Amino acid sequence: MKGLHNFLDKKIKPSFVTKEGEPKKLYWVYDALETFAFTPGHTTKGGTHIKDGIDLKRTMMMVILALIPCLLFGIFNVGHQHYLATGLVDPDASWGTEFWGKFGYGSMIVLPIVIVSYAVGLGVEFIFCIINKHPIQEGFLVSGMLIPLVMPPDVPLWMVAVGTVFAVLIVKEVFGGTGMNILNVALTARAFLFFAYPKALSGEVWISGNSDKFVEGYTGATGLGHAASTVDLNASLEKATAAGKTEEIASLKTQIAGAMDNVPSMMDSFWGLEPGCVGETSVLMILIGAGLLIFTGIGSWIIMSSMVIGGLAMGLIFDAFAVNPYMEGVEPLQHIMLGGFMFGAVFMATDPVTAASTTVGKIWYGFFCGFFAIMIRVFNPAYPEGVMMAILFMNVMAPMIDHYVIQRNVNRRLKLSKA
């Protein structure tokens, strides 16, 4: 490694600096590649959000390692869902043959999304580092992985590119780059695509490939999508009940029961072999990543646990008062397992740039992330996954939370100093 470092410094670097040692136009592109492998020789001057001696690239790489289990499982699950929908599952095939077939198909669908995300996002980052003559900002190393993991696998690649450009330009660069953004970059990319192209991001279509091979009647809806589909059925049931239409009542009850039967159980959600976004379905894989982040001190266990508590609290309230009929069959703990709740709690809400920084602030921030996520999910069944909007809303509220926490400490100390 020392030989490689010397080779870069003596043979490659001189091509990117002037005789006086001043950086040329493309120097920061070289710097980005060099510091990817070696500790940088410069320090952060603005937008500092990690108060530690650890190199920011190494921090980001640890988060990426924590995301690898979700990525690998997501690749397999994409293939698994495709096999189920197309009837390609062979009960006589060996486990290994079927596994690699599913993993291979999933790779063809997921890896292009990852490649486009990184290529477009880093391309924008490189352009800005050349124009503004500053080091490449490492924050996109994680965002580039998170964006594919929060997308449905059938999302068009051009949409991934558009969403990535929007997030990097509007959320990061406009505010000053990594450490200065007020919203989570990956969630903003998804939010932009969700509102710009709701049909493509609705999660209703899961399978990619030749449509004439699909089994008849396969919808590919997610578990929350099935639950949300009962809203109109419940409204029709109320009308039919008021009108005394016995046959229609029986038919609607059967349809509602069938939809709720398609909502995954807690154990199914824990393992994750269910339709959903690429990296959000398996709670087990998410917990493995959470363990790594907590063990290394990079992820905040306070935010993770308080978000789960907030989600459970809201779920218990709705369960006690039966606020919305379409969620009657979903237990509070099941709410935590469904959709992207756990993925958001571990990888999105804990973003050190956009989350609260004070200890007490982290508790309130995480609690309300979970609280509002379940509230949105139940009150707005047209959008059954409320995690994205809840976290983005709390990103905006995080500075205010920290302000009041700090101000409270200041006032308390002032009172003590006068006593």
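Contacts that span long stretches of sequence are a good place to start: among contacts in the protein chain between residues at least 6 apart in sequence, 73% join residues at least 24 apart. The model is a predicted one. Its protein chain contains 17 helices and zero strands. Of the 419 residues in the chain, 50% are buried. The accessible surface of the chain comes to about 20,600 Å², and carbon and sulfur atoms account for 66% of that surface.

Helix α5, which covers residues 140–149, offers a clear case of burial, with 10 of its 10 residues buried. The helix begins with Phe140, Leu141 and Val142, continues through Ser143, Gly144, Met145, Leu146 and Ile147, and closes with Pro148 and Leu149, each of them buried.

A single residue in helix α3 can be followed in a little more detail. His82 lies in this helix, which runs over residues 56–86. Because its relative accessibility is 7%, below the 20% limit, His82 counts as buried. The side chain of His82 also takes part in a polar contact of 3.3 Å with the side chain of Tyr105.

The surface, in turn, has a nonpolar patch of about 430 Å², to which Ile170, Val174, Phe175, Met180 and Ile182 contribute. Ile170, one of these patch residues, sits in helix α6, residues 157–172. With a relative accessibility of 40%, which falls between the limits of 20% and 50%, Ile170 is therefore classed as partly exposed.

Notes:
Residues are numbered from 1 along each chain as its sequence is written. This is a predicted model: local features need pLDDT of at least 70, side-chain atom pairs count only at pLDDT 80 or more; totals for chains, interfaces and linings use all residues. Side-chain values use heavy atoms; hydrogens and water are left out. Helices (H or I, at least four residues) and strands (E, at least two) are DSSP runs, numbered from the N terminus. Buried means under 20% relative accessible area, exposed over 50%, partly exposed in between (1.4 Å probe, protein chains only). A polar contact is a pair of N or O atoms within 3.5 Å; within protein, one must be able to donate a hydrogen and the other to accept it, and residues adjacent in sequence count only if both atoms are side-chain atoms. Patches are made of residues with over 30% relative accessible area and no salt bridge: like charges are joined within 9 Å, nonpolar side chains (Val, Leu, Ile, Met, Phe, Trp, Tyr) within 5 Å. Accessible areas come from the Shrake-Rupley method with a 1.4 Å probe; for residues, only the protein chains shown count as cover. A salt bridge is a side-chain nitrogen of Lys or Arg within 4 Å of a carboxyl oxygen of Asp or Glu. Contact means heavy atoms within 4.5 Å.
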